[in-house]
Amino acid sequence: MKLHTLKPTEGARKEKHRVGRGHAAGKGKQAGRGQSGQTKRSTVRLGFEGGQNPLFRRIPKRGFNNVNHIEYQVVNLSQLEKAFKAGEKVNEETLSSHNLIKGKLPVKILGNGTLTKKLNVQIPSLSLSARKAIEKAGGKIEVK
């Protein structure tokens, strides 16, 4: 037995039934769709409910989506305190190596918790309270 000689067993595979190919093919003329009408046609518009007011128009609309909103991955000072030693560099690479962030979203450091170690932070976005806490602990902030 060789790979090029393998075949499925007889009757295991059926050919697709081709509709609308004449009377002799078995599904000619109306192609199994019955008489004329909406179901005879190929498609109906998405969300169309036969003239009834569609669901997406019946449900009330609330709020709005800001196109300029930036979604951040949040890292708190308490997490930096646990993960890093004094004098270490904090940037996207070191944060991902310590499993504090994942993916491609931008990072923001927030001031939740306390920081007692000097850290060299190279993250572009920080909250004001985080900035003050890092500087109070004697760390440096380098905005890229």
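**Figure 1. The salt bridge between Arg-58 and Glu-49.** A salt bridge is taken here as a side-chain nitrogen of Lys or Arg lying within 4 Å of a carboxyl oxygen of Asp or Glu. The model shown in these views is predicted, and by this rule the count in it comes to one salt bridge. The side chains that meet in this salt bridge are those of Arg-58 and Glu-49, with a distance of 2.8 Å from N to O. Side chains of opposite charge can pair when their charged atoms come close. Arg-58 counts as partly exposed because its relative accessibility is 44%, and Glu-49, at 31% relative accessibility, likewise counts as partly exposed.

**Figure 2. The open sheet built from E1, E3 and E5.** The view follows three strands that form an open sheet in the order E1-E3-E5, and the pairing between them is parallel. The edge strands of this sheet are strand E1 (73-76) and E5, each of which pairs on one side only. E1 and E3 run parallel and are joined by four bridges, and within this part of the sheet Asn-76 stands opposite Leu-110, a residue of E3. Strands of a sheet pair through backbone hydrogen bonds, either parallel or antiparallel.

**Figure 3. Ser-125 in the edge strand E5.** Which backbone atom lies 2.7 Å from a polar atom of the side chain of Ser-125? That atom is the backbone oxygen of Val-107. Ser-125 itself is found in strand E5, which is an edge strand of the E1-E3-E5 sheet and pairs on one side only. Ser-125 has a relative accessibility of 13% and therefore counts as buried, the cut-off for that term being under 20% relative accessible area.

**Figure 4. The open sheet built from E2, E4 and E6.** In this view, three strands make up an open sheet with the order E2-E4-E6, and their pairing is parallel. Strand E2 (89-90) and strand E6 (140-141) are the edge strands, since each pairs on one side only. Between E2 and E4 the pairing is in the parallel sense and extends over two bridges, with Val-90 standing opposite Val-121 of E4.

**Figure 5. Gln-122 and its contact with Glu-142.** Gln-122 is placed in the loop between strand E4 (120-121) and strand E5 (125-126). Is Gln-122 buried or exposed? Its relative accessibility is 14%, so Gln-122 counts as buried. The side chain of Gln-122 is joined to the side chain of Glu-142 by a polar contact of 3.1 Å.

**Figure 6. Thr-116 and Gly-139, compared by their C-alpha atoms.** Thr-116 belongs to the loop between strand E3 (107-110) and E4, and with a relative accessible area of 61% this residue is exposed. Although Thr-116 and Gly-139 are 23 residues apart along the chain, their C-alpha atoms are separated by 9.5 Å.

**Figure 7. Lys-29 and Asn-99, residues with positive phi.** Lys-29 is not a glycine, yet its phi is positive, at about 50°. Lys-29 is placed in the segment before H1 and is exposed, its relative accessible area being 69%. Asn-99, also a residue other than glycine, has a positive phi near 60°. The place of Asn-99 is the loop between helix H3 (92-97) and E3, and with a relative accessible area of 68% Asn-99 is exposed.

**Figure 8. The nonpolar patch at Met-1, Leu-3 and Leu-6.** On the surface, Met-1, Leu-3 and Leu-6 form a nonpolar patch, and together they have about 460 Å² of accessible area. Met-1 lies in the segment before helix H1 (55-58), and because its relative accessible area is 92%, Met-1 is exposed.

**Figure 9. The annotated region, residues 74-142.** Residues 74-142 are covered by the UniProt annotation "domain: Large ribosomal subunit protein uL15/eL18", which comes from an unreviewed entry. Over residues 74-142 the chain of the model is 32% helix and 22% strand, and the C-alpha atoms at the ends are 18 Å apart.

Notes:
Residues are numbered from 1 along each chain as its sequence is written. This is a predicted model: local features need pLDDT of at least 70, side-chain atom pairs count only at pLDDT 80 or more; totals for chains, interfaces and linings use all residues. Side-chain values use heavy atoms; hydrogens and water are left out. Buried means under 20% relative accessible area, exposed over 50%, partly exposed in between (1.4 Å probe, protein chains only). A polar contact is a pair of N or O atoms within 3.5 Å; within protein, one must be able to donate a hydrogen and the other to accept it, and residues adjacent in sequence count only if both atoms are side-chain atoms. Patches are made of residues with over 30% relative accessible area and no salt bridge: like charges are joined within 9 Å, nonpolar side chains (Val, Leu, Ile, Met, Phe, Trp, Tyr) within 5 Å. Accessible areas come from the Shrake-Rupley method with a 1.4 Å probe; for residues, only the protein chains shown count as cover. Two strands pair if DSSP finds at least two bridges between them. UniProt positions are given in the numbering used here, feature names are shortened, and annotations may be inferred rather than shown by experiment.
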